[in-house]
Amino acid sequence: MPVPEALKDSPHHRYLEVAIDAAVAAGDVIKGSFKGPKQVEEKLNHADLVTATDKAAEDLIFGRIRAAFPDHAFIGEESAAAAGGAAALTDAPTWMVDPLDGTTNFVHGFPFVCTSIALVVGRRVVVGVVYNPVLGELFAAAAGGGACLNGAPLATSAATELAGALMGTEVGTARDEETVDSTFGRVRALTSKMRSVRCGGSCALGLCNVAAGRLDAFYEINFGGCWDSAAGALMVSEAGGTVLDPAGGPWDVMSRRVLAA
């Protein structure tokens, strides 16, 4: 897929081009495996899954991007898990990659899955690509250039009142009693004030749905890592929305917390 027309004049055009190429190639791997049997392993618990497709997609993405930008750094979900944690972020150009966000959805054949790729330079997200190969939706954004879905410009919702708003969130993979209680306590409090709440199984797609105006807001706390939110957060800000820490302060790409509207 080419770079969207609206983003072709971006100074980040070459980065975006490579990211789209890598995301589409990984998407072909995901789509090709979507309906067949999966090789599934558990990471931290029965709700935290990884498949052979996650690993194959990450290797493919890293290989494509390294071929174009051999001096850039990488933080990927599966490589971070293998190393026991994500590398520290510096000011150097760093790619943040979730090869298959929504692994549980993938395992169950639920079509909200995606590849999420972001480039961070000087600790600022400058390029974001999120691709759902099952539904054929390619989200792309470049800092200062806007955000697009399949080439069409995106704009966030105009909603200003909680009572008429649709909120997205996720329950995550932690299953200890304290985390489960706090997660559903927040959902309960929000449900009483909002039109409804949705959990789609992918932080990256949840943020993209805010950028597309499908959700009025989205939040998640204590998700897997920067790879879950980096690209989607840029999508929201470039579509005219706001991205914050859920406590109300500035958002930090490494914080594993996000609120977008």
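**Entry 1: a nonpolar patch**

I began with the surface of this predicted model and looked for nonpolar side chains that sit together there. Phe 110, Phe 112 and Leu 135 make up such a patch. Together the three residues offer about 260 Å² of accessible area.

I then took Phe 112 by itself. Where in the fold does Phe 112 lie? I found Phe 112 in a loop, with helix H4 (103-108) before the loop and strand E5 (114-121) after it. Its relative accessibility is 34%, so I noted Phe 112 as partly exposed.

**Entry 2: a negative patch**

Next I turned to charge. Which residues form a negative surface patch? I wrote down Asp 176, Glu 177, Glu 178 and Asp 181.

I picked Glu 177 for a second look. Glu 177 belongs to helix H5, which covers residues 177-191. Is Glu 177 buried or exposed? With a relative accessible area of 63%, Glu 177 is exposed, because the cut-off for that word is over 50%.

**Entry 3: the seven-stranded sheet**

I traced an open sheet of seven strands and noted the order as E3-E4-E5-E6-E7-E8-E9, with mixed pairing. Which strands stand at the edges? They are strand E3 (73-76) and strand E9 (152-153). Each has a single partner strand, so one side of each has no neighbour in the sheet. As a reminder to myself, strands of a sheet pair through backbone hydrogen bonds, either parallel or antiparallel.

Inside this sheet I followed one pair. Strand E7 (residues 137-142) and strand E8 (residues 146-149) are antiparallel, with four bridges between them. If you want a spot to click on, Ala 141 stands opposite Ala 147 in E8.

**Entry 4: strand E12 and its partners**

I moved on to strand E12 (residues 217-221). Why is E12 largely enclosed by the rest of the structure? Four of its five residues are buried, so the strand is largely enclosed.

I looked up two pairings of E12. With strand E10 (residues 166-168), E12 pairs in the parallel sense over two bridges, and here I saw Gly 168 opposite Phe 218 in E12. With strand E14 (residues 257-260), E12 runs antiparallel, and four bridges join the two. In that pairing, Tyr 219 has Leu 259 of E14 as its bridge partner.

**Entry 5: Val 197**

I checked Val 197, which is part of strand E11 (residues 196-198). Its relative accessible area is 17%, so Val 197 counts as buried; the cut-off is under 20%. I also took a distance from here to Val 40, which is 157 residues apart from Val 197 along the chain. The C-alpha atoms of Val 197 and Val 40 are separated by 29 Å.

**Entry 6: two positive phi angles**

Last, I went through backbone angles. Most residues other than glycine have a negative phi, so I wrote down two entries that go the other way.

Arg 123 is not a glycine, yet its phi is positive, about 65°. I located Arg 123 in the loop between E5 and strand E6 (124-132). At 43% relative accessibility, Arg 123 is partly exposed.

Asn 150 is also not a glycine, and its phi is positive at about 50°. Which loop holds Asn 150? Asn 150 has its place in the loop between E8 and E9. The relative accessible area of Asn 150 is 46%, so I noted Asn 150 as partly exposed.

Conventions:
Residues are numbered from 1 along each chain as its sequence is written. This is a predicted model: local features need pLDDT of at least 70, side-chain atom pairs count only at pLDDT 80 or more; totals for chains, interfaces and linings use all residues. Side-chain values use heavy atoms; hydrogens and water are left out. Patches are made of residues with over 30% relative accessible area and no salt bridge: like charges are joined within 9 Å, nonpolar side chains (Val, Leu, Ile, Met, Phe, Trp, Tyr) within 5 Å. Accessible areas come from the Shrake-Rupley method with a 1.4 Å probe; for residues, only the protein chains shown count as cover. A salt bridge is a side-chain nitrogen of Lys or Arg within 4 Å of a carboxyl oxygen of Asp or Glu. Buried means under 20% relative accessible area, exposed over 50%, partly exposed in between (1.4 Å probe, protein chains only). Lys and Arg count as positive and Asp and Glu as negative; His and the chain ends are not counted. The place of a charge is taken as NZ of Lys, CZ of Arg, CG of Asp or CD of Glu. Two strands pair if DSSP finds at least two bridges between them.
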